[in-house]
Amino acid sequence: MTTEQSGKAGGGAEAADAGPGDGTADEATGGEATGGEKTEARDQGDADTGDAEDGKDGDAAAGDAAAAEKAESGDKGTTGTAGDKPADPWSAFGPAPEPVLGRPRRAIRAVGRFLVHEWTLAAVAALALAAAMTWPTLRYPRHTLPQDYWDPSLQAWQMAWSGHILRTDPAMLWHANTFYPENWSFAFSDTLLGYAPAGLIGVGPEHAVLRYNIMFVLAHALAAFGAYVLARQLGAGRIGGAVAGASFAYAPWLLAQAGHLHILSNGGIPLALAMLARGHGWSLRYGYRPRRRHAGWAFAGWLVAAWQLSLGFGIGLPFAYMLAGTVLVAVVLWFVRRRRVRRPFGRRLFLADVFGGLVFAAVGAALAVPYFKVAELHPNAERTLGDIALYSPPASGFFTAPAESRVWGGLHEGARAVLPWHPEMTLLPGFVLYALAAGGLFFSVWRVRHRIFLLAGVLVTMALAMGTRFFGGRFTYVPLFDYLPGWSGLRTPGRMMLWATLLLGLLAAGAVTAFCMRVRELAAERVPPWPGPWLRLATLLPLALVIVEGLNATPQPVVPRQPAAMRTVDGPMLVLPSSQNLDQPVMLWSTDRFQPMVNGGSGFTPRSQAQIREATVSFPDYASVDYLRQIGVKNVVVLRDELAGTPWEGMLDRPVDTPGVTREQVGEAVVFRL
């Protein structure tokens, strides 16, 4: 039996596993399951009347209600009233009328339906799985951070700053308290601005760390939920969708990104794609069905896409270009097929796409302005092809796991040792995922041409992830770097593996769904027709293997304690010693008062900050004090325990001869007031 034939044979059995958008019994027939021509022709015919349906749904409902009322009044005329005719005695043997439920009971029923709805159960399962798979992140959420306390401290500060400034002075959003006296400093790296509502809650370093850890777990949950919803909308079964969700959120290569919340916050990508596909009545398995169009879902998909973009351009920029390419292809296809399908969208859906696309473009443009300003003021922030080559992984990276992988980390230690920069070059999405996706090329519920498209997408995104390692990138990454606005700001091409992982997950979902259909066929031959325990466990085995391969061994270091001086000293200030890594916890410590400070860590070092660090190596001599006074610095906080091994070692042994400078011990720090 071929794959296509098995899909037809198992179509009826798949009805119980079809998605909520695709799960009615009439859609689960064999012809629908393989995208039969009759259904496609009928849906194309429906497209011609799509606008009429958009405008007449309310009228049809009103007409049905009037007809029902008329029929009811006619029935009353035949039975008579107390003053005219006696009631028909045989009416006592008729069916009892449906009870009219009151508002409280209707509300209770609605809540009950919501609690057992698939999306509710999927969301709860995603949250529980995220808490388990990221453990022990939530063991001490106020005091530890996953992987290290450098980049996570920066991102915890970003969320705290966005919430603080939106509450106090939104006009100063992009001019943060760090990197004094520079402006636009909030745009020196990805901002996680979409998490600003969380930043409105709580003040200080402990709350910032707690907030980060909560968002870290929620980001994993949203990634799994979003990929699950996308796979279901495209036509995968529940278990197949779960495999797609788990493989996307817990791919081994993402364990190396545990310190980069802006990379892990990717769940809006598949969720937005699922909403847009739902709004346009399209799925990979069943094709285009105009009667399932819903303008509200399409508009919501654009809003989710805009929110995803607000989390950062690191993964948001490729997503934006992907959406732009999809819109372009859709316009071309509509132009080619306009005679056969006159109005494939409908008026409401067309307006939802127009306004939703404008919202997405407006958000992208508003967020891009500060970054273009930073590129103008700081030419050294621009990436070069040499920087891209430094972070471009070889092909062996696709089969190498990071050290944070509990299953493969120790076994791949030798393979990581030969990689120039292994934190960004260990790109294994999972050997189980590779195997399931390979099986999905030959045995799947997706059509053959769709499998080929998915495979092509995997190969293209992997080639892009290799940067300049794939034939020098001349035909892949370099043209994008040279001609696409903003692409030159992406430092690490390996993060394109995010798209390859999603496409591999969809291939795997097609294979697992076909496998579950085959299990049901075998179960139907049993007496009684119900899967035995081993058959049921067999359908869950792919999911279990994907989850096991995603287990982490991520360290959870304790965040350095905030010095007491950070709670009392005013700005503008400088904390010494200063470097990229040392300044990131300092940024976190400033979340009590957000006083202006020279310190700051980002993807590049502004020239002004480098000059200040160089000028203060001899502090507290007259020249360094005079320089700091000229730029407006009033206080210098020296962290005594951090001086060893830095250019500022021994500075506390130097005399203070500069007039007007006082020295004070505050806890573990020494404060110089200029």
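Here are some questions and answers about a few helices in this predicted model.

Q: Which helix gives the largest share of the nonpolar patch?
A: Let's start with the patch itself, a nonpolar surface area of about 680 Å² whose members include Phe299, Phe350 and Val359. Two helices, H14 (295–310) and H16 (347–377), each supply at least two of the patch residues. The largest share, six residues, comes from H16.

Q: Is Phe299 buried, partly exposed or exposed?
A: Phe299 is found in helix H14 and belongs to the nonpolar patch. Buried would need a relative accessible area under 20%, and exposed would need over 50%. Phe299 has 31%, so this residue is partly exposed.

Q: Is Gly301 buried or exposed?
A: Gly301 also has its place in helix H14. Leaving aside neighbours within four places in sequence, Gly301 is in contact with Ala272, Met275 and Leu276. Its relative accessible area is 0%, and the cut-off for buried is under 20%, so Gly301 is buried.

Q: How far apart are the end C-alpha atoms of H16?
A: H16 has 31 residues, and at 1.5 Å a residue they should span 45 Å. The end C-alpha atoms agree with that expected span, being apart by 45 Å.

Q: At which residue does H16 bend by about 25 degrees?
A: A good clue is a proline, Pro370, which follows the bend within four residues. Pro370 is one of the buried residues of H16, and the residue at the bend is buried too. That residue is Ala368.

Q: Which helices do the buried residues of H16 pack against?
A: The buried residues of H16 include Leu349, Gly356, Phe360 and Val374. The helices that the buried residues pack against are H13 (268–279), H14 and H15 (313–336).

Conventions:
Residues numbered from 1 in each chain as written. Predicted model: local features only at pLDDT ≥ 70, side-chain atom pairs only at ≥ 80, totals over all residues. Heavy atoms only, no water. Patch = residues over 30% accessible without salt bridge, like charges linked within 9 Å, V, L, I, M, F, W, Y side chains within 5 Å. Areas by Shrake-Rupley, 256 points an atom, 1.4 Å probe, with all protein chains shown as cover. Salt bridge = Lys/Arg side-chain N within 4 Å of Asp/Glu carboxyl O. Buried < 20%, exposed > 50% of the residue type's maximum accessible area, 1.4 Å probe, protein only. Expected span 1.5 Å × (residues − 1). Bend = angle between axes of the 7 residues up to and from the residue. Contact = heavy atoms within 4.5 Å.
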